[in-house]
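Dear colleague,

I am handing over the structure we spoke about, which you will find just below, followed by an account of what was found in it. Please read the account with the structure open beside you.

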Amino acid sequence: MRIEVLQKNGTRNRRQSRLPQPSIHRRRASILILTLVVVALLTLGTMAFFERMFAEHRASRAHGRQLQARHMAESGVEYLKAVLAQDPLVIRDSGGLYVNPSMFQGVTLVNDPLGALRGQFTVIAPDITTDGLYGGIRYGLENESSRLNLNTVLLADSSSDDAARKLLMTLPGMTETVADSILDWIDSDDEPRMLGAERNYYSTLSPPYAPRNGPLGSIEELLLVRDVTPALLFGADLNRNSGVDVIEEPLTVIDNADNSLGLLNRGWAAYITLDSAETNLRPDGTRKIDVNKEDLKKLHQELTEALGAEMANFIVAYRQGGKYDGDEPGKAASAINLDLTQPGRERITTILDLIGVRTRIATQTQPGQNGQGQGDAGGQPSQGGAPTPSEGGGQGSQGQEKNNSRIVVNEAFAKDPASMKSYLAKLMDNIAVNADRSIPGRLNINQAPRQLLIGIPNLSPNAVDQIISQRDVTLGQQQPDQIHETWILTEGIVDLAQMKKLISLVTTGGSVYRAQVVGGYFTEGPTERLEVVIDATKMPPVVRRRMELRDLGQGYASETLGATLDDLP
């Protein structure tokens with residue numbers, strides 16, 4: 001029995017020994033696989049984390065460099081304000097504002113041996129060819145007075161009929177309908193011009209609106225004027241870099257307007273402004289003498305200090321007596337004494353009124369002074385000598401009334417070109433017909449394009465050709481005689497009568513400037529581009545307008561901005 005049980009147990013044990021048993025090695029392999037999977041997942045997660053961190057780092061660095069580029073462009077703007085705040089003579093001695101690469105190209109802010117880390121800014125403006133047409137770029141500032149000021153264009157009508165329309169018609173592609181519509185938009189009334197549009201037209205649009213009937217707020221506002229299109233206003237230069245690039249279509253026709261010569265490449269926006277103005281100050285920055293001030297004693301004193309006794313005497317005498325066309329003999333202005341208690345009856349409308357004319361003034365004598373009164377500089381009595389009874393100086397007046405006699409004063413400012421060259425610049429530097437600190441809107445004949453010069457009233461096409469062939473666009477650097485607009489008078493391009501009509505419309509000055517400022521890392525980027533209009537009629541200069549051009553791209557090649565060939569990849 002016992003043996004049988006043992007046999008059965010042995011048989012059962014043998015059967016059990018034949019069943020599969022868990023292996024320690026297999027358990028260890030499973031754990032290893034799980035470990036590897038976990039490690040792989042952790043590795044992938046770590047890699048993803050680091051990749052994200054690297055991306056965040058790159059994004060942060062790119063944002064930081066873009067922000068630095070922005071600040072470099074802003075530094076360029078502040079640099080321009082500091083330059084314009086300098087004395088004009090200092091600016092001229094430094095190379096001027098028109099073309100000056102040493103002052104405006106590749107100005108380094110962050111210096112580094114590696115071009116990719118070198119931060120700079122460059123100042124760029126459109127250039128003008130020798131024919132007076134827009135073409136190319138330069139490193140400098142654009143004088144806003146070289147553009148037509150739409151907010152003062154109506155003043156041209158005081159020079160001649162329809163002069164404002166004539167000025168607008170010189171813009172390439174301009175039509176009489178659009179010109180009249182623009183003038184209707186800015187004039188103060190609601191009466192439409194012959195081909196214009198006023199409130200009655202705009203009220204029929206959807207949605208309706210009213211014309212401004214006043215100064216424009218921006219150039220873009222012209223898009224509200226009837227028949228003004230974006231293509232006409234801005235042309236084919238979509239990225240505003242003063243040229244038509246390969247990726248931009250070189251259009252020969254823009255909205256049915258001929259552009260075969262490229263005059264509309266930058267649209268009307270290249271020719272017009274709302275901000276031009278010039279300082280009405282002397283070269284040293286002090287106020288000019290207002291020749292129309294009422295206090296003649298103070299006026300005479302100021303004029304004597306600036307111009308000398310002869311010129312001062314004549315100007316004050318002219319204020320008292322005006323122009324004299326008679327044949328009576330006269331005395332030199334240096335040989336008379338003035339009665340400064342007499343008022344200034346004549347108002348001088350332009351400095352040119354003083355040229356080539358004589359005047360006649362009343363001099364006062366009093367009884368009890370042996371009839372001499374206030375005579376000439378030599379102690380002789382003024383013309384007319386002692387008063388006669390018919391002049392109210394007899395016994396009937398009991399010697400108390402003052403007696404007037406007349407004296408003719410010969411011209412002090414001859415109108416021959418040689419004489420004008422000797423004194424006219426001195427007059428223009430020191431005196432003015434108003435006390436305003438600045439004069440808005442006049443057109444700079446030395447820097448304006450041909451298209452605008454053609455439209456100036458009383459200026460013939462031949463005169464325009466002569467101006468363009470002789471002018472100094474650097475505003476007196478090459479030809480100091482051209483620092484004032486009257487150079488076209490002294491050079492015989494126009495006569496005195498024409499210059500009197502032109503002087504309220506033209507200038508060779510200008511104290512408001514426009515430029516594009518590109519700042520950043522020119523070798524590899526990023527860059528930032530701004531266009532600013534800076535008003536230097538105020539001190540310190542202020543930014544009147546600021547246009548963000550970042551979305552239009554860098555605009556210019558890196559080497560144009562100032563990157564060297566060694567820096568370029």
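**A buried aspartate, and what else the model shows**

Asp353 sits in the loop between α10 (309-321) and β11 (359-365), and, as with everything that follows, its description comes from a predicted model. Asp353 is buried but has no salt bridge, and the nearest side chain of opposite charge, that of Lys500, is 4.1 Å away. Because a salt bridge is counted only within 4 Å, the pair of Asp353 and Lys500, at 4.1 Å, is not included. What the side chain of Asp353 does have is a polar contact with the side chain of Thr349, at 2.7 Å. If its neighbours within four places in sequence are set aside, Asp353 is in contact with Tyr318, Ile348 and Lys500.

**How far to trust the model**

The mean pLDDT of the protein is 87, and 87% of its residues reach 70 or more. The stretch to treat with caution is residues 365-403, over which pLDDT stays under 50, although the model has 64 contacts for this stretch beyond four places in sequence. Where pLDDT is low, the predicted coordinates should not be read in detail.

**Overall make-up**

The protein has 16 helices and 19 strands, and buried residues make up 45% of its 569 residues. Of the contacts between residues at least 6 apart in sequence, 65% join residues that are at least 24 apart.

One helix shows clearly how its buried residues are arranged. In α13 (residues 461-470), Ala463, Val464, Ile467 and Ile468 are buried. These residues cover an arc of only 135° around the axis, and therefore lie on the same side of α13. The buried residues of α13 pack against α12 (450-454) and α14 (487-490).

**Salt bridges**

The count of salt bridges comes to 28, and a few of them deserve a closer look.

The side chains of Arg545 and Asp275 form a salt bridge with an N to O distance of 2.6 Å. Since Arg545 lies in strand β19 (residues 542-548) and Asp275 in the loop between β8 (272-273) and β9 (277-279), this pair ties together parts that are 270 residues apart in sequence. Arg545 counts as partly exposed, at 24% relative accessibility, whereas Asp275 counts as buried, at 5%.

A salt bridge also joins the side chains of Arg544 and Asp535, with an N to O distance of 2.9 Å. Here Arg544 is partly exposed, with a relative accessible area of 36%, while Asp535 is buried, with a relative accessible area of 0%. There is, in addition, a network in which salt bridges that share partners join Arg70, Glu74, Glu528, Arg546, Glu548 and Arg550.

Elsewhere, the side chains of Asp184 and Arg193 meet in a salt bridge at 3.5 Å, N to O. Asp184 counts as buried, at 0% relative accessibility, and Arg193 counts as partly exposed, at 26%.

**Backbone points to check**

Most residues other than glycine have a negative phi, and most peptide bonds are trans. Against that background, four places in the backbone may be of interest to you.

The peptide bond between Ser206 and Pro207 is cis, with omega about 0°, and Pro207 lies in the loop between α7 (199-202) and α8 (230-234). A cis peptide bond also leads from Met539 to Pro540, again with omega near 0°, and Pro540 is placed in the loop between β18 (527-535) and β19.

Asp162, although it is not a glycine, has a positive phi of about 60°; this residue lies in the loop between β5 (148-149) and α5 (163-169) and is exposed, with a relative accessible area of 52%. Ser242, which is not a glycine either, has a positive phi of about 70°. Ser242 is found in the loop between α8 and β6 (253-254), and counts as buried, at 17% relative accessibility.

With best wishes

Definitions and conventions
Residues are numbered from 1 along each chain as its sequence is written. This is a predicted model: local features need pLDDT of at least 70, side-chain atom pairs count only at pLDDT 80 or more; totals for chains, interfaces and linings use all residues. Side-chain values use heavy atoms; hydrogens and water are left out. Helices (H or I, at least four residues) and strands (E, at least two) are DSSP runs, numbered from the N terminus. Buried means under 20% relative accessible area, exposed over 50%, partly exposed in between (1.4 Å probe, protein chains only). Lys and Arg count as positive and Asp and Glu as negative; His and the chain ends are not counted. A polar contact is a pair of N or O atoms within 3.5 Å; within protein, one must be able to donate a hydrogen and the other to accept it, and residues adjacent in sequence count only if both atoms are side-chain atoms. Contact means heavy atoms within 4.5 Å. The arc is that of the directions from the helix axis to the C-beta atoms. pLDDT is the predictor's confidence in each residue, from 0 to 100.
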